[in-house]
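User: I am in my first year and would like a close look at one part of this protein, going slowly from a single residue to its surroundings. Could you take me through it in one connected answer?

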Amino acid sequence: MTFITTKKLEVALQLEKSLINGIKLDNGIVRHMAGLRQLIKTNVIDAAGASETVKMLGDLVQVVFEKGGLASGGQYAFIVSANQKRAISDLQSDKIRIVQAETSRGQVVDHIVTEFGRFPVIMNDNVKPTELFFIDINRTKIKPLGSRGFHHQDTAITGDNRRGFIVGEYTLEFKQESAHGRIKNLV
């Protein structure tokens, strides 16, 4: 049973990767769901090779606000790569004052505060190093298609040898596309 648990974790990690990187395909034989990168089309800021700034993050939140995204509240978060998480933590580091008695150095930023609210910064290794997402977690859900949630399906048993496979079909429920945003082509 440990092997089955390990394989279910592996499949769940593949599903997580698809939530961001998925490309929609339905050719009648194979189906793939679209991920965040493909689904967010309205609020996309092209950084054109620039580093992120506090203003750029605020501009993304404002664009979402102006499209009605923040009107009903929500649970917004920045989803970032390790590269962008470090860049966010370095924002305005020149303004930090440390007294001589301090023995620790560095800073970690876990929330971004804008005129529109305070939003957590969540690191995900499936996000490209040159992008970040601003999404409402309440408007996204992972759902099984019908009754096709992950389960182990046995195949033929031969003596003490037990074989099977993990079966499941999931999709990303993505509501109000204009309530989400993305910055691409960051340094």
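Analyst: Two residues are said to be in contact when they have heavy atoms within 4.5 Å of each other. With that rule in hand, and bearing in mind that this is a predicted model, we can begin with T114, which lies in strand β5, covering residues 111-114. Leaving aside neighbours within four places in sequence, T114 is in contact with G58, V61 and F119. Is T114 buried or exposed? Its relative accessible area is 14%, and because buried means under 20%, T114 counts as buried. The side chain of T114 also has a polar atom that lies 3.0 Å from the backbone nitrogen of F116.

One of the contacts of T114, namely F119, leads us on to a group of aromatic rings. Ring pairs join Y76, F78, F119 and F134 into a cluster, and the count of aromatic pairs comes to six. In one of these pairs, F78 and F134 have their ring centres 4.8 Å apart with 40° between the planes, an arrangement that is called tilted. F78 belongs to strand β4 (residues 76-80) and F134 to strand β7 (residues 132-136), so this pair ties together parts that are 56 residues apart in sequence. F78 is buried, with a relative accessible area of 0%, and F134 is buried as well, with a value of 0%. The rings of F119 and F134 have centres 5.0 Å apart and planes at 85°, so that pair is edge-to-face. Since F119 lies in strand β6 (residues 117-123) and F134 in strand β7, the pair ties together parts that are 15 residues apart in sequence. F119, which we met as a contact of T114, is buried too, with a relative accessible area of 6%.

Strand β6, which holds F119, can also be followed to a pocket. The second largest pocket contains about 280 Å³ of space. Of the 14 residues that line this second largest pocket, L19, I20, L36, I135 and T140 are the closest to its centre. The elements that give two or more residues to this lining are α1, β6 and β8, the last of these covering residues 140-144. As for the character of the lining of the second largest pocket, its residues divide into ten nonpolar, two polar and two charged. Thus we have gone from T114 in strand β5, through the cluster that includes F119, to a pocket whose lining draws on β6.

Methods: Residues numbered from 1 in each chain as written. Predicted model: local features only at pLDDT ≥ 70, side-chain atom pairs only at ≥ 80, totals over all residues. Heavy atoms only, no water. Helix = DSSP H or I, 4+ residues; strand = E, 2+ residues; numbered from the N terminus. Buried < 20%, exposed > 50% of the residue type's maximum accessible area, 1.4 Å probe, protein only. Polar contact = N/O pair within 3.5 Å; in protein donor to acceptor, adjacent residues only side chain to side chain. Phe/Tyr/Trp six-rings, centres within 6.5 Å; stacked < 30°, edge-to-face > 60°. 1 Å grid on protein atoms, 1.4 Å probe; cavity = no way out; pocket = protein on both sides within 12 Å on 5 of 7 lines; lining within 4 Å. Points joined across faces, edges and corners; volume = space filled by probe spheres on them. Nonpolar A, V, L, I, M, F, W, Y, C, P; charged D, E, K, R; others polar.
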